[in-house]
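Reader: I am new to this structure and would like to go through it by question and answer. Please show it to me.

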Amino acid sequence: MKRLLLNVGFRGRLLLAMMTLVLVVSIGLVSIFAVSLFDEEEDQAEQRLQVAAGVTQEILARRSEVLLNSLNVLVEDFGFKSAIASGDRATIMSALRNHTNRIGADLAMLTDGKGRLIANLQGLQNAAPLPFPDMLEEARQSGTANAILEFQSNAYQLLMVPVEGGGLRAWLVMGFAMDDDFARFLAQLTGVDIAFRRAAREGVFAASLDASILQRTLPQSRGQAPQAMNQLDQYFLRHKTLSSGSTREISLLLLLSREQALGNYYTLALEMLLLVSTFLIAAALAGLVMARALGRPVLMLANFAHAVGNGEKVDPPETRAGGELRRLARALAQMQQQIRHREYRIAYDATHDTLTGLPNRKAFDTHIRERLKTGRAATVISLVVSDLKDISDTLGFEFGNEVMIATGLRLRGQLDPEDFLARTGGNEYTIVTAPMEGFRIEQRARDLKRIAERPTTISDTPVNIHINAAALSIPDDAGSLDDLRRRINLTMERARGLEQRTARYEEGGDEHHLRELRIIRDLQGALDQQDLYMVYQPQVDFQSVRLTQVEALLRWEHPELGFINPEDFIRLAESSGQIHELTAYILRQIEQDMRDWYAEWGQRLGMSINLSALDLTHAGLPELVDRVFADWPRPLNQLVFEITESAVLTDVRTATRTLEALRKRGARLSVDDFGTGYSSLAQLRRLPVQELKIDKSFILALDSEPEDQLMVRSIIDMAHGLNLAVVAEGIENETTWQMLQDWHCEMAQGFYLGRPMPMRQLRSWHQNFQTRAAGLQPRSASTDQVTTPRRTES
């Protein structure tokens, strides 16, 4: 018998085992069923319906998980995000339709962050609100939303997820229809009939039953309590609410045929009892034999498969089983070898560059962490092929790849076997070699750079490359991987500016970088807490000797870093994307101070405001000015926006458009720091400006430098010829004041008149200056007659 079982195939033995199991289970079921049939009729039906309800809920949950996983993949898809970002409705619709077909969804909608439809496949009006407001509210609170809702007289299982990028961009809603096919699918799985219906009024969305049967059955279920089983004439019925709340309630009906439930139980019970009794002894003997013959090799193979799955190195079990079990044992052994090979390839590919075969950035990071953990000192040298992009653009990317391969081979040939060489970037190699002292580190970097830069020929084309090199020691110069990356990059930046393009890290070299990071981080808090404040420097009219306007200047006294130069934190605000918020802050402070001045003096004070290059390319700047100065009379001729020549040259078309919009609102425009930029007079004529502000570098020594005098007079004459007013800043003494006054310059600014000061001090300064103004009046005659342009006011 034993030998016979060994020769039987695995499927034959499995079939025999299953038959035995069915037989044993059948005996138990028949015995229990025969004894408790009448007493447990309702309990059996209740349990079956409860199980069916649970299975249905589980299927709905699994289908929701499938949809969620699909949507998570979809919203992370670069193409789909790009389609949304493009704003093109045809592109969005195409992407939405393609992904909907791929997922197999029946409903798809895409809304913006406020819940207005961007695109949908249900024929709804775009820009209309999402028809599922409760679901949108839940998604905003929880991140996602899952619901079963009625839409267009159909029931849907819906899921809403965010589409993110630089903040929330859109909401994606997709769902499956709960139709007749789905009801029949559930009925096949659960063994009971399924129906979805409205609870508020009679009506069925979908069902696995014939419509005529439902018409006879459902009227009997009116008023029945949900979650409890009810007995009808032909069915056991159970209600389960799937959705409720502000939406119309959707119920799940599970119907179990009484005839199906009871059927021929009475007859089968007696017949099965006699049949099972006959084979009971034979089944028990067969089970003992099979447990010995089949269980042992299967258990051995199962243990082997478990060990393989855990990555353990074990030998395949020796089994005497034949047929399918022997084939399974061989397949598991082969699978073990393939897994080991695949794991090796995956590990190798994850830590090596595909182009050069050298270790990659991940391997380099691991190597450095291990060295730092064990305290092993080393010298780290980074070499960057600075002109790789030019080579690739000129000779092709494949040629550029060949250059990197050749460079890597050269470097590898100059290193000791124990040295570590990795390609850590597209044009960067990093070497970890033995620790060195003093000048030897930089000398080693120069040697490697010189060798790598030697002329070579690739594909019959001579090539000369240029390399920048940076070096440091670990752990002396960098105690962590993050410090190493930051400091090697800072050293590389310094190397680019040196003649030999090679530099070694100098202690404290990253303090300036860390300070800038601190300023960027603390700037937002300073804006929120209103720690930044405004000061104003007077601008006086040369002819009337009256205060007509002031220049607004921003100041920041950091609690730990002390006074921060405005040029520094404004430049950092531009690079970190905070400049627009900073500009809005400045405008609001100016508006309040101008309002206070008007309340005290009863006159509008002109305000000169500096704009950055990013402000000029910001399309929302004119609207921001409208909002901040909404209560001020039009035109806004009290405002003078100062721009630099270089800022305009950044994007001439956009800057001109922004300046024109400000000019239409009545604001005046001034070119700041004139004379230090590189713009042409033709460019200046095309700008809608009314004023030039001569840079103070020409004014500070005007009383003693003839060259500066010639330059300033030329600028004034040129400006007057273009019908532009002139402002001179940097006036330090009375002689400079009188010279500019005689040359008919329009406006004066400088320490001779007043330093930048808070608004409260400007009021007292104004009172004192009124008594001083008499001594600054124009002299009765001037040796030069210059035609003064008429200053146009908006």
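Reader: Where is N723 placed in this predicted model?
Author: N723 is a residue other than glycine with a positive phi, near 65°. At 42% relative accessibility it is neither under 20% nor over 50%, so N723 counts as partly exposed. Its place is the loop between α25 (706-721) and β26 (725-729).

Reader: Which element holds D673?
Author: D673 is not a glycine, yet its phi is positive, about 55°. Its relative accessibility is 24%, and therefore D673 counts as partly exposed. The element that holds D673 is strand β24 (residues 668-674).

Reader: In which loop does P635 lie, and what is the omega of the peptide bond from R634 to P635?
Author: P635 is placed in the loop between α21 (621-628) and β23 (639-644). The bond that leads to P635 from R634 is cis, and its omega is near 0°.

Reader: What is the omega of the peptide bond from I474 to P475?
Author: P475 belongs to the loop between β16 (467-474) and α16 (481-496). The peptide bond joining I474 to P475 is cis, with omega near 5°.

Reader: Why are the buried residues F80, A83 and I84 on the same side of α4?
Author: Helix α4 spans residues 78-86, and F80, A83 and I84 are buried in it. An α-helix has 3.6 residues a turn, so residues three or four places apart point the same way. The face turned away from the buried side of α4 carries the exposed F78 and A85. F80, A83 and I84 are on the same side because the arc they cover around the axis is only 95°.

Reader: Which helix gives the largest share of the largest nonpolar core?
Author: This core has 83 residues, and those touching the most other members are L532, I590, F629, L639, F641, W737 and L740. The largest share of the core is 9 residues, and the helix that gives it is α19 (residues 579-601).

Reader: How many residues are in the other core, which includes M404 and L421?
Author: This core lies apart from the largest one, and I431 and A469 are also among its residues. The number of residues in it is 25.

Reader: What accessible area do V51, V55, F185 and L189 have together?
Author: These residues form a nonpolar patch on the surface. Helices α3 (41-75) and α7 (180-190) each give two or more residues to the patch. V51 lies in α3, and at 48% relative accessibility it counts as partly exposed. The accessible area of the patch is about 330 Å².

Conventions: Residues are numbered from 1 along each chain as its sequence is written. This is a predicted model: local features need pLDDT of at least 70, side-chain atom pairs count only at pLDDT 80 or more; totals for chains, interfaces and linings use all residues. Side-chain values use heavy atoms; hydrogens and water are left out. Buried means under 20% relative accessible area, exposed over 50%, partly exposed in between (1.4 Å probe, protein chains only). Helices (H or I, at least four residues) and strands (E, at least two) are DSSP runs, numbered from the N terminus. The arc is that of the directions from the helix axis to the C-beta atoms. A nonpolar core is a set of buried Ala, Val, Leu, Ile, Met, Phe, Trp, Tyr and Cys residues joined through side-chain atoms within 4.5 Å. Patches are made of residues with over 30% relative accessible area and no salt bridge: like charges are joined within 9 Å, nonpolar side chains (Val, Leu, Ile, Met, Phe, Trp, Tyr) within 5 Å. Accessible areas come from the Shrake-Rupley method with a 1.4 Å probe; for residues, only the protein chains shown count as cover. A salt bridge is a side-chain nitrogen of Lys or Arg within 4 Å of a carboxyl oxygen of Asp or Glu.
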